[in-house]
Amino acid sequence: MPLMPPLKRLRGKRMDLGLARQWMDAWFEQLNAQKSYLSELDNPIGDGDHGINMARGANAAKDALADKEIPDLNTLFKTIAMALLSKVGGASGPLYGSIFLAFAKASANHDTLDYAQILALLNAGKDALMSRGKAEVGEKTMVDVWVPFTEQFADHAPSKDDVDALVEATKPLKATKGRAAYLGDRSIGHIDPGSMSTGYLFKALLDVLDS
Amino acid sequence: MRGILIVSHSAKLAEGLHDLLQEIVSQVPIHYVGGLETGEIGTTYDRIMEAAEASPADELYVFYDLGSAKMNLEMVQETLDKTLILSPAAMVEGAFVAATLISANADNKAIEKQLKPLGIK
Ligand SMILES: Nc1ncnc2c1ncn2[C@@H]1O[C@H](COP(=O)(O)OP(=O)(O)O)[C@@H](O)[C@H]1O
Ligand SMILES: [Mg+2]
């Protein structure tokens, strides 16, 4: 059997509840594994807690999913949103909380999502993020990964290297939103921690879609 | 009824400001939330919701410190059945002004006017 190119494989894949859970579990695992690295990134341009915040949120979400019957995508994303909202404790709490609430809404009444519906889900998350945080592209926040990634996803199936490049591209930016904005020019030259945790979310997505 | 809600990343900061205000205006309901349930620094939607619900006031002047406090407050504002007035005023001065004016029965317009020059956010 000839090997299908990754792009084709990605495009043909549907996301059901099992795949969505794999996606989320992989993200939670990565947030835990990279806890110190994410906090390290938050040190020079923030308060050094992004890894602690996200690992706390990931574990709360894992516990909430284990405690409860999860019959569908809507319940999955809503449960995660509520756990992040109640446990993260930093700006990333209401931001990821709003993103996952939007995921829940976008996936309501769907048993599976095809490529276009996954794109719609991601776009709903991006819109919720931007209306919650009121940041635009170029302000050195996770918006700088969400916006170009959703554009790439619409246009061609991006690779994990593409995601890494988007995260890396936050380095030269000067922060004008979030805690890092207090640093002005001194925020230049550091990767934005929230963009890194968002990069993990997207790479985990590409992994499950390509599996 | 009108009241004050203080939202800080730090439990001590929130409690300290509450004590300071209580000293001056004992009859205005002043509620506060600071830090996470573990005592760590931060704010969450859940804890702000709890504090806002606990107040007997149905109209709350809210004073807060850093970024995530505001975003969580806006989420509470969207879901809670009370009027939350998020003030961009400096937390200590703003809460002081609002508490004394509420206690003196000033109307909201007068309060807003006094708060305006204290805006920093
Ligand atoms: N207004 C905003 N819009 C979008 N993203 C934001 C905003 N403010 C902060 N962020 C993201 O949140 C990350 C910081 O999260 P975290 O450290 O958990 O919260 P805090 O800044 O409250 O300590 C930043 O790296 C940035 O990507
Ligand atoms: Mg931080």
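Select A:A104 and A:S107 to begin: the backbone oxygen of A:A104 sits 3.3 Å from a polar atom in the side chain of A:S107. Everything on this tour belongs to a predicted model, so please read each distance as a computed one.

**Stop 1: A:S107 and its surroundings**

Keep A:S107 selected and colour the helix around it. A:S107 belongs to helix α6 of chain A, which covers residues 92-107. Is A:S107 buried or exposed? It is buried, because its relative accessible area is 1%, and the cut-off for buried is under 20%.

Now show the residues around A:S107. Beyond its neighbours within four places in sequence, A:S107 makes contact with A:L73, A:N74, A:F77 and A:L121.

**Stop 2: across to A:F77**

From that set, pick A:F77. A:F77 is part of helix α5 of chain A, residues 73-87. Draw a C-alpha to C-alpha distance between A:F77 and A:S107: the two residues are 30 places apart in sequence, and the line should read 8.5 Å.

How much relative accessibility does A:F77 have? The value is 0%, so A:F77 counts as buried. Which residues does A:F77 touch, once those up to four places away in sequence are left out? Show A:A20, A:W23, A:M24, A:F100, A:F103, A:A104, A:S107 and A:L121 as sticks to see them. You will recognise A:A104 and A:S107 from the opening view.

**Stop 3: the magnesium ion**

Next, select ligand 2, a magnesium ion. Which residues coordinate it? Turn on the side chains of A:D42, A:D47 and A:D49: each gives an OD donor, at distances of 2.1 to 2.2 Å. Read along the sequence, these donor residues follow the spacing D-x4-D-x1-D.

Switch to a surface view and compare two of the donors. A:D47 is partly exposed, with a relative accessible area of 32%. A:D49 is buried, at 17%.

**Stop 4: where chain B meets chain A**

Zoom out and colour the two chains separately. How many residues does each chain bring to the contact? Chain B supplies 17 and chain A supplies 18. About 1,400 Å² is buried between the two chains, and carbon and sulfur atoms give 55% of that area. On the chain B side, select B:L66, B:M71 and B:M75: these lose the most area to chain A, together making up 36% of what that side buries.

For the charged pairs, the count between chain B and chain A is 4 salt bridges. One to look at is A:K87 with B:E37, where the closest N and O atoms are 3.2 Å apart. The interface also has 5 residue pairs in polar contact, with both residues at pLDDT 80 or more.

Now colour chain B by element. On the side that touches chain A, the elements giving two or more residues are α2 (45-54) and α3 (67-79) of chain B. Which element gives the most? That is α3(B), with 6 residues. By type, the residues on this side of chain B divide into 6 nonpolar, 6 polar and 5 charged.

**Stop 5: B:T44**

Stay with the two chains and select B:T44. It lies in the loop between β2 (30-34) and α2 of chain B. B:T44 counts as buried, because its relative accessibility is 3%. Leaving out residues up to four places away in sequence, B:T44 touches A:L85, A:S86, A:K87, A:G89, B:L36 and B:N72. The A:K87 in that list is also the salt-bridge partner of B:E37.

**Stop 6: two loop residues with positive phi**

Return to chain A and select A:N109, in the loop between α6 and α7 (115-133). Its phi is near 70 degrees, a positive value in a residue other than glycine. A:N109 is exposed, with a relative accessible area of 81%.

Then go to A:K140, in the loop between α7 and α8 (143-155) of chain A. A:K140 is not a glycine, yet its phi is positive at about 60 degrees. Is A:K140 buried or exposed? Its relative accessible area is 2%, so A:K140 is buried.

**Last stop: A:E168**

Finish with A:E168, in helix α9 of chain A (residues 160-168). At 39% relative accessibility, A:E168 counts as partly exposed. Draw one more line from its C-alpha atom to that of A:A116: the separation is 27 Å, for residues 52 apart along the chain.

Notes:
Residues are numbered from 1 along each chain as its sequence is written. Chains are lettered from A and ligands numbered from 1 in the order in which they are written. Side-chain values use heavy atoms; hydrogens and water are left out. Helices (H or I, at least four residues) and strands (E, at least two) are DSSP runs, numbered from the N terminus. Buried means under 20% relative accessible area, exposed over 50%, partly exposed in between (1.4 Å probe, protein chains only). A polar contact is a pair of N or O atoms within 3.5 Å; within protein, one must be able to donate a hydrogen and the other to accept it, and residues adjacent in sequence count only if both atoms are side-chain atoms. Contact means heavy atoms within 4.5 Å. Donors are N, O and S atoms within 2.8 Å of the metal (3.2 Å for Na, K and Ca); water is not among the atoms, so sites may look incomplete. Buried area is the accessible area (1.4 Å probe) that two parts lose on being put together, summed over both. A salt bridge is a side-chain nitrogen of Lys or Arg within 4 Å of a carboxyl oxygen of Asp or Glu. Ala, Val, Leu, Ile, Met, Phe, Trp, Tyr, Cys and Pro count as nonpolar, Asp, Glu, Lys and Arg as charged, and the others, Gly among them, as polar.
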